[in-house]
Amino acid sequence: MAETDLIKLYSARILALAADIPHSQRLDAPEATVKKRSPLCGSTVTVDVVMKDGRVAAFGQDVKACALGQSAASVLGAVVIGRSPEELEKAQTELRAMLKQGGPVPEAPFEGYEVLEPAREYRNRHASILLALEATVEAAREALAVSA
């Protein structure tokens with residue numbers, strides 16, 4: 001990866017998102033907790049959720065990832081409250097397609113992932129970018145199953 005490619009990939013916006021991750025405190029009494037790890041790079045994300053009426057009512061995350069994984073967690077943290085598991089799964093599918101197949105940016109309210117479009121070319125970064133959404137989808141589903 002050339003230095004100019006790194007500069008393009010790690011834009012000021014990505015670094016700003018990585019530095020300010022919403023809901024970066026773990027919850028005291030989550031209904032579900034899921035930890036995901038990328039074996040390729042070692043990034044880890046642990047999320048806690050509380051669901052109410054089928055939607056995320058409380059959310060906490062602990063993110064130990066590269067700037068790209070952190071910025072993805074930041075985008076998620078900004079919009080996760082009030083989302084259903086179906087909305088989260090749709091965003092996950094759209095983000096994966098954006099990265100791996102050149103698909104469009106995920107639909108609102110997840111359009112903030114557009115900042116990660118330059119990462120399409122760097123397949124070794126995709127797993128880290130997807131971790132927060134993957135963990136959140138799984139946690140939301142687990143929490144709903146427990147309360148059912």
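How many residues does H5 have, and what distance does H5 reach from its first C-alpha to its last?

**Figure 1. Helix H5 in the predicted model.** H5 comprises 25 residues, and 37 Å separate its first C-alpha from its last. This span is close to the 36 Å expected at 1.5 Å a residue. The helix nevertheless contains a kink of about 40°, with Leu131 at its centre.

**Figure 2. The open sheet and the helix packed on it.** Three strands in the order S1-S2-S3 make up an open sheet with antiparallel pairing. Its edges are formed by strand S1 (32–37) and strand S3 (55–64), each of which pairs on one side only. On average, neighbouring strands of this sheet are turned by 20° against each other, direction ignored. Helix H5 (residues 123–147) packs on the sheet and touches S1, S2 and S3. The direction of H5 makes about 35° with that of S2.

**Figure 3. Pairing of S2 with S3.** Strands of a sheet are held in register through backbone hydrogen bonds, in either a parallel or an antiparallel arrangement. Here, strand S2 (residues 44–52) and S3 pair in the antiparallel sense over 9 bridges. Within this pairing, Val50 stands opposite Ala58 in S3.

**Figure 4. The hairpin of S1 and S2.** S1 and S2 pair in the antiparallel sense, in this case over 6 bridges. The two strands form a hairpin with 6 residues between them. Gly42, located in the turn, has a positive phi of about 85°. Thr33 has Asp48 of S2 as its bridge partner.

**Figure 5. The salt bridge between Asp48 and Arg26.** Asp48 also forms a salt bridge with Arg26, with 2.7 Å between the closest N and O atoms. The pair links distant parts of the chain: Asp48 belongs to strand S2, whereas Arg26 lies in the loop between helix H2 (12–19) and S1, 22 residues apart. Are the two partners buried or partly exposed? Asp48 has a relative accessible area of 0% and is therefore buried. Arg26 has a relative accessible area of 42%, so this residue is partly exposed.

**Figure 6. The salt bridge between Glu107 and Lys90.** Glu107 and Lys90 form a salt bridge in which the closest N and O atoms are 2.6 Å apart. Because Glu107 lies in the loop between helix H4 (85–101) and H5, and Lys90 in helix H4, the pair ties together parts that are 17 residues apart in sequence. Glu107 counts as partly exposed at 47% relative accessibility. Lys90 likewise counts as partly exposed, at 40% relative accessibility.

**Figure 7. Further charged pairs.** Side chains of opposite charge can pair when their charged atoms come close. Arg120 and Glu117 provide one such contact, their side chains meeting in a salt bridge at 3.4 Å, N to O. Arg120 is partly exposed, with a relative accessible area of 24%. Glu117 is partly exposed as well, with a relative accessible area of 28%. Elsewhere, Arg55, Arg83 and Glu87 are joined into one network by salt bridges that share partners. The count of salt bridges in the model comes to 12.

How values were computed:
Residues numbered from 1 in each chain as written. Predicted model: local features only at pLDDT ≥ 70, side-chain atom pairs only at ≥ 80, totals over all residues. Heavy atoms only, no water. Pairing = 2+ DSSP bridges. Helix = DSSP H or I, 4+ residues; strand = E, 2+ residues; numbered from the N terminus. Axes fitted to C-alpha atoms, helices over the stretch in contact; angles between N-to-C directions. Contact = heavy atoms within 4.5 Å. Expected span 1.5 Å × (residues − 1). Bend = angle between axes of the 7 residues up to and from the residue. Salt bridge = Lys/Arg side-chain N within 4 Å of Asp/Glu carboxyl O. Buried < 20%, exposed > 50% of the residue type's maximum accessible area, 1.4 Å probe, protein only.
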